[in-house]
Amino acid sequence: ARQPHAHAAGSRRVRLAFINHTHPDTPHVSAMRMHYFAKAMAARGHQVVLVTGESPAHAGQGLRAGQVDEAVAGHDWAQPLVLPVLEQSGAASLGHADATGQPSLARRLRSAWRLLGGDGIHGPWVANARPLLERLAQAHAPDLVWTTFGNTSNLQLGQWLAQKSGCPWVADIKDNWCQFIPRGLRRAVAWRFRDAAGLTTNAWIHLRAATTWGGSRPASVVYSGVAETFFQARAGAQQGQHQDVLMVGSTYSESRLRELLAALKQWMDALPAPDRARLRFVYAGSDVQRVEDALQVVSLPCTCQVLRQMPVEELARRASSSLFNCYVASDTGFHHKLLELLVAGRPLVCYPDEHPESRRLATEVD
């Protein structure tokens with residue numbers, strides 16, 4: 001929520017533990033959902049702990065199990081307590097050695113084991129986190145554990161902490177279950193986590209994809225909020241000397257990326273020369289090499305700037321002052337960046353199309 005409701009008088013304050021491998025300092029959408037939900041719940045008066053991996057800005061500064069009691073006892077619960085797990089070397093569990101050079105069948109068997117019985121794709125983090133979580137179960141005694149699926153490592157730790165704490169846990173499916181879990185393993189992996197008390201997802205498309213979980217547990221869509229900085233940036237947006245065409249996020253498909261760039265080139269070529277001279281194409285995201293390669297094939301008639309992922313404040317400022325924003329869509333996932341870019345208040349181009357759910361959300365924005 002943009003402005004969480006004040007804690008209701010007389011309602012019970014509960015102790016919550018959230019788990020997400022990606023630290024809030026990481027400039028990526030995978031870090032935001034759990035952190036903002038944790039802040040919203042803390043604003044409602046609950047005592048919230050967020051267990052994450054190390055901060056990319058402070059490597060080697062995670063917590064050990066022996067530091068948990070002091071951190072919990074001395075915390076001001078007006079904000080979530082963020083506990084980064086110290087990534088100690090040599091803590092990887094058996095079976096997580098480097099698989100480079102293994103035959104295809106061996107890699108597949110290895111991946112299947114990680115999903116069905118192992119620690120998932122972040123095995124070392126799972127091994128490092130267990131001692132801290134065991135201490136947290138005693139020091140914090142959570143009433144509820146909430147953990148997010150972008151990978152099964154998070155799910156396993158959430159399940160494990162809930163068992164240690166004797167409390168229920170909820171699985172948050174923020175990515176397409178069917179896209180990330182192989183077809184033949186979906187029901188078996190869901191069975192592994194069958195004791196989840198409920199499911200939340202960040203979109204209806206992801207809730208439908210998670211039907212393999214089955215059962216009668218409650219399931220709800222909880223859309224992620226938009227960071228306050230996007231609202232602030234929109235209010236203070238100013239045009240610079242350039243008119244930016246800003247492309248954001250993952251590009252998913254090389255062919256679709258080139259098609260979108262070709263369409264932009266056709267439009268730019270048709271503009272009067274003075275208007276074209278002011279244009280600047282800017283990309284911000286993780287697919288730097290793919291975009292650079294595509295620009296070698298489709299040469300835009302303007303200045304081009306290819307940037308890596310940037311802090312959310314900088315992204316909001318650029319999106320709010322652009323001529324228009326654009327992105328390449330994926331058929332299988334929900335694009336939270338749609339909501340952020342709608343808040344930015346500039347025209348928005350999506351290629352090739354968006355889901356009916358996303359179109360409905362867009363109609364609800366002025």
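Is Lys 265 buried, exposed or partly exposed? In this predicted model, Lys 265 comes out as partly exposed, with a relative accessible area of 29%. Its salt-bridge partner is Asp 269, and the two side chains meet at 3.4 Å, N to O. Asp 269 is partly exposed too, at 40%. Both residues belong to helix 10, and because they sit four residues apart, about one helical turn separates them. Further along the chain, Glu 314, Arg 317 and Arg 318 are joined into one network by salt bridges that share partners.

The structure holds 13 salt bridges in total, and some of them reach well beyond a single helix. Take Arg 15 and Asp 143, whose side chains meet at 3.7 Å, N to O. Here the link is between distant parts of the chain: Arg 15 is in strand 1, while Asp 143 is in the loop between helix 4 (123-139) and strand 4 (144-149), 128 residues apart. Arg 15 has a relative accessibility of 30% and counts as partly exposed, and so does Asp 143, at 25%. Another salt bridge brings together Arg 256 and Asp 331, this one at 3.2 Å, N to O. Since Arg 256 lies in helix 10 and Asp 331 in the loop between strand 11 and helix 14, the pair ties together parts that are 75 residues apart in sequence. Arg 256 is partly exposed, at 22%, whereas Asp 331 is exposed, at 51%.

Then there is the sheet. Five strands make up an open sheet, ordered 10-9-8-11-12, with parallel pairing. Strand 10 and strand 12 (348-351) are its edges, each pairing on one side only. From one strand to the next, the twist averages 20 degrees. Strands 9 and 10 are held in parallel register over five bridges, with Arg 280 standing opposite Thr 303 of strand 10.

Helix 13 packs on this sheet, where it touches strands 8, 9, 10 and 11, and its direction makes about 130 degrees with that of strand 8. Within the helix (residues 312-321), the buried residues are Leu 315, Ala 316, Arg 318, Ala 319, Ser 320 and Ser 321. Besides strands of the sheet, these buried residues pack against helix 9 (228-235) and helix 14 (337-344). Helix 14, for its part, lies across strands 8, 11 and 12 and runs at about 170 degrees to strand 11.

On the aromatic side, a search of the whole structure turns up six pairs. In one of them, the rings of Phe 18 and Phe 37 have centres 5.4 Å apart and planes at 45 degrees, so the pair is tilted. With Phe 18 in strand 1 (residues 15-19) and Phe 37 in helix 1 (residues 32-43), the pair ties together parts 19 residues apart in sequence. Phe 18 is buried, at 2% relative accessible area, but Phe 37 is partly exposed, at 26%. Another pair, Trp 267 and Phe 324, is edge-to-face, because the planes are at 70 degrees, with the ring centres 5.5 Å apart. Trp 267 lies in helix 10 (residues 254-269) and Phe 324 in strand 11, so this contact bridges 57 residues of sequence. Trp 267 is partly exposed, at 32%, while Phe 324 is buried, at 11%. Ring pairs also link Phe 18, Phe 37 and Trp 146 into a cluster.

Charges sit over rings as well: the charged end of Lys 39 lies over the ring of Tyr 36, 4.4 Å from its centre, and that of Arg 194 over the ring of Trp 191, at 4.1 Å.

How values were computed:
Residues are numbered from 1 along each chain as its sequence is written. This is a predicted model: local features need pLDDT of at least 70, side-chain atom pairs count only at pLDDT 80 or more; totals for chains, interfaces and linings use all residues. Side-chain values use heavy atoms; hydrogens and water are left out. Buried means under 20% relative accessible area, exposed over 50%, partly exposed in between (1.4 Å probe, protein chains only). Helices (H or I, at least four residues) and strands (E, at least two) are DSSP runs, numbered from the N terminus. Contact means heavy atoms within 4.5 Å. Rings of Phe, Tyr and Trp (its six-membered ring) pair if their centres lie within 6.5 Å; planes under 30 degrees apart count as stacked, over 60 as edge-to-face and the rest as tilted. A charge sits over a ring if NZ of Lys or CZ of Arg is within 6 Å of the ring centre and within 35 degrees of the ring normal. Two strands pair if DSSP finds at least two bridges between them. Axes are lines fitted to C-alpha atoms, for helices over the stretch in contact, and angles run from 0 to 180 degrees between N-to-C directions. A salt bridge is a side-chain nitrogen of Lys or Arg within 4 Å of a carboxyl oxygen of Asp or Glu.
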